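Please look at the sequence and the fold together, moving from one to the other as you read. The paragraphs below begin with a single residue and then widen the view to the chain as a whole.

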Amino acid sequence: MNHNRESLPSPLARQFAPVTCPPLRQVLLAYGSGGVIGLFLVRFAEPAGGVDDALWVVSGDLPPAYFVTDEAPTPLEALALYCDLVDGWVETVLDHGDLDEAFPVETEPTEENAKALRVRLCSIRQLISPT
């Protein structure tokens, strides 16, 4: 199915709003959990920035993100990577570190938000690896 940014579901369209991207070739729901998290594999008709022909996009009731598929070729690996990236932001906030060095997270960098996000990340990790 062909998509353009305007035809994406609202959360995904907002995710790509600040980015100039090539036409979308395919948007696949790779993982979803009842309004909590959606993981989408977005494939472009041509490489974005001349490099990436696909990105993972995370959306839902948590900070959205997008990242390349190189380090996480499967949906479960992508969710684990999302948790690791955002957890790095949480640690930086709680340690009062330099956020310029952390993965960008779209929420106020307060201790309260960081702690709440840590709980959400634990829940996501439980969903993908319930051991």
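Arg43 counts as partly exposed, at 27% relative accessibility, and this residue is found in strand β2. The model shown here is a predicted one, and every value quoted for it is computed from that model. Although Arg43 and Gln26 are 17 residues apart in sequence, their C-alpha atoms are 5.0 Å apart in space. Gln26 is also one of the residues in contact with Arg43 once neighbours within four places in sequence are left aside, and the others are Leu24, Arg25, Leu28, Asp53 and Ala54.

With that residue placed, the view can widen to the chain. The protein chain contains three helices and four strands, and along the sequence they follow the pattern α-β-β-β-β-α-α. Of the 131 residues in the chain, 37% are buried, while the accessible surface of the chain comes to about 7,400 Å², of which carbon and sulfur atoms hold 52%. Among contacts between residues at least 6 apart in sequence, 34% join residues that are at least 24 apart.

Which residues have the most contacts inside the largest nonpolar core? They are Ile37, Leu39, Trp56, Val58, Phe67, Tyr82 and Trp89, in a core that has 27 residues. The elements that give two or more residues to this core are the strands β2 (37-48), β3 (52-60) and β4 (65-68), together with the helices α2 (75-94) and α3 (111-128). The largest share, nine residues, comes from α2. Leu39 offers a close view of the packing, for when its neighbours within four places in sequence are set aside, this residue is in contact with Leu28, Leu29, Ala30, Tyr31, Trp56, Val57, Val58, Pro75, Ala78 and Leu79. There is also a second, separate core of eight residues, and among its members are Cys21, Leu24, Phe44 and Val57.

The helix α2 deserves a closer look. It has 20 residues, which at 1.5 Å a residue should span 28 Å, and its end C-alpha atoms are indeed 28 Å apart. The buried residues in α2 are Ala78, Leu79, Leu81, Tyr82, Cys83, Val86, Trp89, Val90, Thr92 and Val93. In the loop between β4 and α2 lies Pro73, which is exposed, with a relative accessible area of 57%. The C-alpha atoms of Pro73 and Trp56 are separated by 9.4 Å, and the two residues are 17 apart along the chain.

After α2 comes His96, whose phi is positive, near 55°. Most residues other than glycine have a negative phi, and His96 has its positive value although it is not a glycine. The place of His96 is in the loop between α2 and α3, and at 68% relative accessibility this residue counts as exposed.

Next along the chain is α3, a helix of 18 residues that reaches 26 Å from its first C-alpha to its last, close to the 26 Å expected at 1.5 Å a residue. Which residues of α3 are buried? They are Ala114, Leu117, Leu121, Ile124 and Ile128. Seen down the axis of α3, these buried residues fall within an arc of 75°, and so they line one face of the helix. On the other side of α3, Glu112 and Val119 are exposed.

The cysteines give a last point to examine. A disulfide is a covalent bond between the sulfur atoms of two cysteines. How many disulfides does a search of the whole structure find? It finds zero. Cys83 is in no disulfide, and the nearest cysteine sulfur, that of Cys122, is 8.6 Å away. Seen from the other end, the closest cysteine sulfur to that of Cys122 is in Cys83, and because the distance is 8.6 Å, it is too far for a bond. The surroundings of these two cysteines can be set side by side: Cys83 is buried, with a relative accessible area of 0%, whereas Cys122 is partly exposed, with a relative accessible area of 42%.

Notes: Residues are numbered from 1 along each chain as its sequence is written. This is a predicted model: local features need pLDDT of at least 70, side-chain atom pairs count only at pLDDT 80 or more; totals for chains, interfaces and linings use all residues. Side-chain values use heavy atoms; hydrogens and water are left out. A nonpolar core is a set of buried Ala, Val, Leu, Ile, Met, Phe, Trp, Tyr and Cys residues joined through side-chain atoms within 4.5 Å. Buried means under 20% relative accessible area, exposed over 50%, partly exposed in between (1.4 Å probe, protein chains only). Contact means heavy atoms within 4.5 Å. The expected span of a helix is 1.5 Å times one less than its number of residues. The arc is that of the directions from the helix axis to the C-beta atoms. Accessible areas come from the Shrake-Rupley method with a 1.4 Å probe; for residues, only the protein chains shown count as cover. A disulfide is a pair of cysteine sulfur atoms within 2.5 Å.
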